[in-house]
Amino acid sequence: MITRTRLAAGACALVAALAAGIAFPAGASAGEPTGEDAPKVDLVLDVSGSMRTRDIDGGTRMAAAKQAFNEVLDATPEEVRLGIRTLGADYPGDDRRTGCKDTARLYPVGPLDRTEAKTAVATLVPTGWTPIGPALLAAADDLDGGGGSKRIVLISDGEDTCAPLDPCEVAREIAAKGIGLTIDTLGLVPNAKMRQQLSCIAEATGGTYTSIEHTDELTDRVNQLVDRAADPVVTPVATEGAGTCTKAPTLESGLYTDRAGFGQQRWYRVDVLPGQEVRASVSVGADRAVNPSYGVLLRAVTVHGREIVRGEAAGDGRTDVISTGLRHPKAEREDADSDKPAAETVCLQVTHSFSVASGVKTTPGLPLELTVDVVDGPSDADDVASFGLGRGWWLLGVLVLVGFLAGLLWGWLSRWRLAVWRTN
């Protein structure tokens, strides 16, 4: 817990530092939202036979879901393109092969007609199996195409009944496509096994898991997730690093996503002009059970392999993400006569030391998020760290001065009190 808290704090500090001093160039930054693509949400509802159970506020789980859906549909922001998909809603029989194909698009992802969507939800009756894996694959297809944020909200009251198509593996495959899709899961009156499976699905895509035991909790949480989809976000651009610098893709300022295999190096290239500075940070997520000793390394090297600067982090214990970053300024050229000074190609290398126990799949690799910024280099002395203090020298100077004056005042008061005591 301590390790995770420290890593999270470090990641937040890194992101804050980058955000404070960086502005992506308009129209040129990869992953920057353009406003042309509306956010999309696909609500995936479990309509299997177990939804008949009466254990949520005196009513059935299905009744609670319908009530929540009606309130969510009323509150959905106009800019959100919302759809509804079901699983286990149509086939009541015992044939497993047929039951595991039972997923259907109840309402297509698009502009919301609230009356039509509510009518469709009202027709649902708890029926069949729980094919979570196939439903997630179909929902990902529902959201395919275009930019903007994409979110699946899965509501289920039981674990998948269609193994060996493991929903966790399905979620990792969806994340590996690099389409910026997040899966949030909600478990209705969950047991331990269901909680573990739904948590695994959410973690694989950077989503959240929530246990639900009351109707108002379900309504509030789904509303929060739909509203979150409408918030402006920077969608990472999918890229694929190479095994060597010479074959690596050239990146501009932006946010990128990739997969880093176990024991694998990922290389990327960045062009830096004289007078500019490249700032990069990387986060590697643990989307499956990993061993409790890990690290991540981000190196900037020349095309000839000479290391320029590095950033690294390591830890022990349970973690969800580990991050590190680096900065490399390129000095101004003295021969300023050149109209187009030559750029330096900086190679960024990302490696991690995560490992998994036997039986845990190593493919696809762990999700990796890389932030790259090429900005004007520091020109003021106070923008360069001074013995690691940077602008902290001002605070240190003030504290020294205040301490000195306080010491003088205390000494004078002490001598005055002593003199008064001796006189009396």
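## Two loops with positive phi

Let's start at Val189, which sits in the loop between β7 (181–188) and α7. This is a predicted model, and in it the phi of Val189 is near 45 degrees, a positive value in a residue other than glycine.

Asp57 is another one to look at. Its phi is near 55 degrees, again positive in a residue that isn't glycine. You'll find Asp57 in the loop between β2 (54–56) and β3 (59–60).

## The second largest pocket

Helix α7 comes up again here. The second largest pocket has a volume of about 540 Å³, and rolling a probe the size of a water molecule over the atoms is what shows where such empty space is left. If you want to find this pocket on screen, go to Arg172, Gln196, Cys200, Arg288 and Ala289: of the 23 lining residues, these lie nearest its centre.

Which helix gives the most to the lining of the second largest pocket? That's α7, with 6 residues. Both α6 (167–176) and α7 (192–204) supply at least two residues each. As for chemistry, the lining splits into 11 charged, 6 polar and 6 nonpolar residues.

## A helix pair: α2 and α4

Now for some helix packing. The axes of α2 (residues 61–75) and α4 (residues 114–122) come within 10 Å of each other and cross at roughly 170 degrees. With angles over 145 degrees counting as roughly antiparallel, that makes α2 roughly antiparallel to α4.

On the α2 side, the residues in contact are Lys66, Phe69, Asn70, Leu73, Asp74 and Ala75. They meet Arg114, Ala117, Lys118, Val121 and Ala122 in α4. Sorted by type, the residues of this contact come out as 6 nonpolar, 4 charged and 1 polar.

## A five-stranded sheet

Over to the strands. One open sheet has 5 strands in the order β9-β10-β17-β12-β15, and its pairing is mixed. Its edges are β9 (237–238) and β15 (321–329), each of which pairs on one side only.

Strands of a sheet pair through backbone hydrogen bonds, either parallel or antiparallel. How many bridges link β12 and β15? There are 9, and β12 (residues 276–285) runs in the antiparallel sense to β15. For a landmark, try Ser283, which stands opposite Ser323 in β15.

## A cis peptide bond

One last backbone detail: Thr363 and Pro364 are joined by a cis peptide bond, with omega at about -10 degrees. Pro364 lies in the loop between β16 (344–352) and β17 (366–376), and β17 is one of the strands of the open sheet described above.

Key. Residues numbered from 1 in each chain as written. Predicted model: local features only at pLDDT ≥ 70, side-chain atom pairs only at ≥ 80, totals over all residues. Heavy atoms only, no water. Axes fitted to C-alpha atoms, helices over the stretch in contact; angles between N-to-C directions. Helix = DSSP H or I, 4+ residues; strand = E, 2+ residues; numbered from the N terminus. Parallel < 35°, antiparallel > 145°, perpendicular 65-115°, else oblique. Contact = heavy atoms within 4.5 Å. Nonpolar A, V, L, I, M, F, W, Y, C, P; charged D, E, K, R; others polar. 1 Å grid on protein atoms, 1.4 Å probe; cavity = no way out; pocket = protein on both sides within 12 Å on 5 of 7 lines; lining within 4 Å. Points joined across faces, edges and corners; volume = space filled by probe spheres on them. Pairing = 2+ DSSP bridges.
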